[in-house]
Amino acid sequence: MKVHALPADDNSCGWFHLSPPRKPCASHHGHSEAPWVVIGAGFTGLSVARQLALNFPDDEVVLIEAQEVGLGPSGRNAGFAIDLPHDIGAEDYIGDLDIARTVLKLNLAGQRLLSQWVETFGIDCQMKACGKYQAAVERRGLAVLDAYRRGLDKLGQPYEMLSEQELPHHIGTHFYRRALYTPGAVLIQPSALVKGLADNLPANVTLYERTPILEVEYSTNKTRLRHAAGSISASRLVLANNSFGQHFGFLQGRMLPIFTYGSITRQLTSDEQARLQGKPYWGVIPADPFGTTVRRTPDNRLLIRNSFSFNPDGRSNPKYLQRFLQRHRASYAQRFPMLPNVDFEYTWGGALAMTRNHNGFFGQLAPNVYGALGCNGLGVTRGTITGKLLADWLAGERNDLIDFLLAAPGPNANPPQPFLSAGVNLNLLWGQRRAGRES
């Protein structure tokens with residue numbers, strides 16, 4: 001079958017260009033075979049490949065990336081490695097307590113893996129275990145914070161509710177009316193982390209970059225992957241390419257490539273830092289899911305992320321960048337009136353692999369084909385841990401986390417087109433409008 005949609009992200013991702021440069025690995029040429037082939041070198045794929053290599057030290061593991069490592073969705077998010085569950089479909093944002101405890105365990109395991117790798121390999125990715133602020137300004141957002149606080153009480157997790165008067169001492173801006181601070185989140189420079197992980201893979205992992213797969217042929221014993229300069233035959237194939245797994249013939253019509261957009265400023269001068277005040281680095285996520293995420297980075301830049309588009313083919317569309325840049329400027333001006341002359345240096349979009357029921361896929365897709373797909377906006381921690389656990393399961397291991405993932409119902413089917421696009425676009429439009437000043 002032909003792969004009709006290939007990754008095509010814009011080339012203006014600030015995280016990518018501001019992270020330490022690296023020499024990309026060569027693309028694949030000719031014809032070869034491998035016991036294991038992993039598609040996608042983001043957080044999930046890097047984790048799968050690493051653990052497969054450790055579990056099967058005598059096997060070569062081939063890792064294929066269509067673009068350059070760090071340029072895809074894993075290097076484009078806001079850089080939050082989240083620990084806490086956040087079920088937006090539940091009244092208290094926690095929902096079923098047993099499920100929430102397992103999700104917390106998964107997320108913490110993903111955090112620990114990343115922290116361990118950063119320390120072991122000396123990866124320069126601005127990793128800071130500084131927690132996060134979930135902030136609100138509208139009445140609806142304030143109600144979300146109260147509900148989430150009740151859920152955290154039920155889960156037994158620590159937090160601090162900060163008032164309008166207290167917040168400027170933390171984040172500088174007077175914009176927000178209240179925030180729920182939770183200490184367990186870790187902030188990173190995502191592209192720098194992905195690049196660092198790629199450059200420290202085990203010796204029996206071979207990474208090929210800029211090798212988009214154009215055609216795939218499945219059979220009982222082998223899967224043949226064809227690209228412009230040759231082919232690779234895999235005894236066992238692992239898909240770690242999120243929504244692009246649909247274009248390999250699996251979970252078709254079950255994932256939603258939702259793009260969100262970010263802009264990052266130039267570095268603040270010492271005078272501007274003094275005017276901003278607050279802590280030297282922090283991260284704010286909005287109480288309203290359609291609101292604005294804000295970060296102050298350790299190298300003294302300000303990040304604004306908001307606005308959404310539904311791109312069914314999973315590819316970037318440049319028409320949105322200029323449109324949403326204007327929203328970023330308006331959101332920035334509301335929050336940082338004390339810094340009126342700070343320009344954005346980069347603006348970019350990045351895909352989230354969402355599903356309607358917020359469940360991803362974990363397990364076997366076909367004979368000798370496996371996948372960990374659909375991270376639902378939690379790719380940093382969830383992608384990392386599900387990648388490792390999938391490789392452990394393939395090595396014959398079982399534990400409570402693997403059993404939990406295998407027992408999950410998987411993604412729901414989407415409505416057919418054109419109803420799907422119409423419904424998703426209306427929902428995005430209404431959500432962003434309803435967010436009000438949170439956006």
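This section describes an annotated domain, a helix, a loop residue and two cysteines in a predicted model.

UniProt, in an unreviewed entry, places the feature "domain: FAD dependent oxidoreductase" at residues 36-393. The C-alpha atoms at the two ends of residues 36-393 lie 14 Å apart. Helix makes up 30% of the span, and strand makes up 28%.

Helix H10 covers residues 400-407. At its start, Asn399 makes a polar contact with the backbone. A side-chain oxygen of Asn399 comes to within 3.0 Å of the backbone nitrogen of Leu401. Leu401 is also one of the buried residues of H10, together with Ile402 and Leu405. Viewed down the helix axis, the buried residues of H10 fall within an arc of 100°, so they line one face. An α-helix has 3.6 residues a turn, so residues three or four places apart point the same way. The buried residues of H10 pack against three elements: helix H3 (97-121), strand E17 (361-366) and helix H9 (379-394).

Thr292 sits in a loop. The loop runs between strand E13 (282-286) and strand E14 (293-296). Thr292 is nonetheless buried, with a relative accessible area of 1%. Its contacts beyond four places in sequence are numerous. Val284, Ile285 and Pro286 are among them, and strand E13 spans residues 282-286. Thr292 also contacts Tyr176, Ile304, Arg305, Asn306, Ser331 and Arg335. Glu438 and Ser439 are further contacts of Thr292. With Ser439 there is a polar approach as well: the backbone oxygen of Ser439 lies 3.4 Å from a polar atom of the Thr292 side chain. Ile64 stands apart from this set. The C-alpha atoms of Thr292 and Ile64 are separated by 33 Å, and the two residues are 228 places apart along the chain.

The cysteines were examined for disulfides. The count is zero. For Cys125, the closest cysteine sulfur is that of Cys130. The two sulfurs are 12 Å apart, which is too far for a bond, because a disulfide requires sulfur atoms within 2.5 Å. Cys130 is likewise in no disulfide, and its nearest cysteine sulfur is that of Cys125. Cys125 is buried, at a relative accessible area of 1%. Cys130 has a relative accessibility of 15% and also counts as buried, because the cut-off for burial is under 20%.

Conventions
Residues numbered from 1 in each chain as written. Predicted model: local features only at pLDDT ≥ 70, side-chain atom pairs only at ≥ 80, totals over all residues. Heavy atoms only, no water. Helix = DSSP H or I, 4+ residues; strand = E, 2+ residues; numbered from the N terminus. Buried < 20%, exposed > 50% of the residue type's maximum accessible area, 1.4 Å probe, protein only. Contact = heavy atoms within 4.5 Å. Polar contact = N/O pair within 3.5 Å; in protein donor to acceptor, adjacent residues only side chain to side chain. UniProt positions renumbered as here; feature names shortened; annotations may be inferred. Arc of directions from axis to C-beta.
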